[in-house]
Every structure is written in C-alpha cells, then in structure tokens.
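Me: Could you pick one strand, take a close look at it, and walk me through how it sits among its neighbours? After that, zoom out to the rest of the fold.

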Amino acid sequence: MIRQFQTPDTEQVMQIWLSGNEDAHPFIPQEYWRSHFAEVQEQLLQAEVSVYETDGNIQGFIGITDGYLAGIFVDRSCRSCGIGKQLLEYAKRTHDTLTLGVYQKNTRAMDFYRREGFSVLSETIDEATGEGEYTMIWTRDRNDT
C-alpha cells in the first residue's frame with residue numbers, strides 16, 4: 001500500500017536511501033552519501049514523501065519537492081518487483097510535470113525513467129561529485145487521465 005510518509009518512518013526510509021545510493025552509485029565513494037545523511041534526513045521532513053508499505057515494513061519511497069523528483073528508492077530485497085513503478089505512477093497522478101537529475105553512469109535508473117516516459121532535458125556535470133548528470137522531464141499527455 002502507498003501512503004504518506006510519517007515521522008516514525010524516518011529511520012526505515014533513511015536506511016533505504018543510504019543503501020540505495022550506495023548500491024546504485026558504485027562510482028561515487030560511500031563516504032559522500034554518509035556525509036549527506038543528516039542533510040537529507042532534514043530535507044525529507046520538508047518534502048512530499050510517499051512510502052510503499054507491506055505488513056508494517058517500508059519497502060520503498062518517493063520524494064518530491066516542487067515537482068522535482070528527488071528520488072525513488074526501493075529496499076534491495078524488493079527491487080525489480082514493480083514497487084518503483086507503482087510509486088512513480090502514484091506521483092504522476094498528482095503532478096502534471098516532473099523533473100529529476102540522474103547520473104549518466106546509473107544506466108539502470110536511466111532505462112527505468114525512459115521506459116516511464118521521461119526524456120533528457122539537459123546534461124551537466126555535478127560539481128559535488130564530478131560525475132555527468134542528466135536532467136530529465138516527464139509531462140502529462142493531455143490524453144492521460
């Protein structure tokens with residue numbers, strides 16, 4: 001079931017965030033993610049966050065701020081089970097446009113977002129990591145309901 005994030009969810013969500021980033025970005029030192037943990041935890045409380053929960057366990061979440069999709073994260077034991085797609089579909093129902101940033105080397109995420117209707121808007125270098133990054137965009141088709 002997908003529901004809105006609640007403060008007691010913070011620990012589970014942040015562990016999924018950390019392991020998800022470390023798994024998806026082996027080209028970035030783990031210390032980078034660990035050093036941003038507290039900052040992201042604070043931002044989490046300010047964002048629009050929805051969690052995917054089964055039997056009291058959070059298996060994934062999506063975070064959005066002002067139409068910017070900050071990330072979709074799924075617990076490693078639940079990946080490739082459709083949870084990320086369900087979370088994104090949930091977000092698409094309440095937004096006309098979504099943008100996001102994705103590292104070029106994260107080909108699994110790139111493929112997922114392309115399958116879900118996102119296209120590349122621009123290309124930059126992330127100053128913090130020195131890695132190439134795409135900004136991608138999805139816009140609701142007028143025929144979508």
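Reply: First, the labels: helices (H or I, at least four residues) and strands (E, at least two) are DSSP runs, numbered from the N terminus. The model is predicted, so local features need pLDDT of at least 70 and side-chain atom pairs 80 or more, while totals for chains, interfaces and linings use all residues. Residues are numbered from 1 along each chain as its sequence is written, and side-chain values use heavy atoms, leaving out hydrogens and water.

Let's go with strand E3, which covers residues 57-65. Of its nine residues, seven are buried, so E3 is mostly covered (buried means under 20% relative accessible area, exposed over 50%, partly exposed in between, with a 1.4 Å probe and protein chains only). In a regular strand, by the way, the side chains alternate between the two faces of the sheet.

E3 has a partner on the way in and another on the way out. Coming in, there's strand E2 (residues 48-54), and the two pair in the antiparallel sense over seven bridges (to pair, two strands need at least two DSSP bridges between them). If you want a pair of residues to click on, try Val 49 and Gly 63: Gly 63 is the bridge partner that Val 49 finds in E3. Going out, E3 is joined by six bridges to strand E4 (residues 68-74), and these two also run antiparallel. A handy marker on that side is Thr 65, which stands opposite Tyr 68 in E4.

Now for the turns, which I think are the fun bit. Both partners form hairpins with E3: E2 and E3 have two residues between them, and E3 and E4 also have two residues between the strands. Asp 55 is in the loop between E2 and E3, and its phi is near 50°, a positive value in a residue other than glycine. Asp 66, for its part, is in the loop between E3 and E4, and there too phi is near 50°, again positive in a residue that isn't glycine. As background, most residues other than glycine have a negative phi. What about cover at these two turns? Asp 55 counts as exposed because its relative accessible area is 76%, and Asp 66 counts as exposed because its value is 80%. So you go from an exposed Asp 55 in one turn, through a strand with seven buried residues, to an exposed Asp 66 in the next turn.

Zooming out, the protein chain has five helices and seven strands, and along the sequence the pattern reads β-α-α-α-β-β-β-α-β-α-β-β. Your hairpins are the β-β-β stretch in that pattern. The C-alpha atoms of the protein chain fill a box of roughly 40 × 35 × 30 Å along the principal axes. Buried residues make up 43% of the 145 in the protein chain. Among contacts (heavy atoms within 4.5 Å) with a separation of 6 or more, 59% are between residues 24 or more positions apart.

The helices add their own share of cover. In H4, the buried residues are Ile 83, Gly 84, Leu 87, Leu 88, Ala 91 and Lys 92. Thr 10 is in helix H1 and counts as buried because its relative accessibility is 11%. Leaving out residues up to four places away in sequence, Thr 10 touches Phe 5, Gln 41, Leu 44 and Leu 45.

Finally, the rings. The whole structure has seven aromatic pairs (rings of Phe, Tyr and Trp, with its six-membered ring, pair if their centres lie within 6.5 Å; planes under 30 degrees apart are stacked, over 60 edge-to-face, the rest tilted). One of them is Trp 17 with Trp 33: their ring centres are 6.2 Å apart and the planes meet at 80°, so the pair is edge-to-face. That pair links distant parts of the chain, with Trp 17 in helix H1 (residues 10-24) and Trp 33 in helix H2 (residues 30-35), 16 residues apart. Trp 17 and Trp 33 are both buried. Phe 112 and Tyr 113 are edge-to-face too, because their centres are 5.2 Å apart with planes at 65°. Phe 112 is buried at 16% relative accessible area, and Tyr 113 is buried at 7%. Back at the tryptophans, Trp 17, Tyr 32, Trp 33 and Phe 37 form one aromatic cluster.
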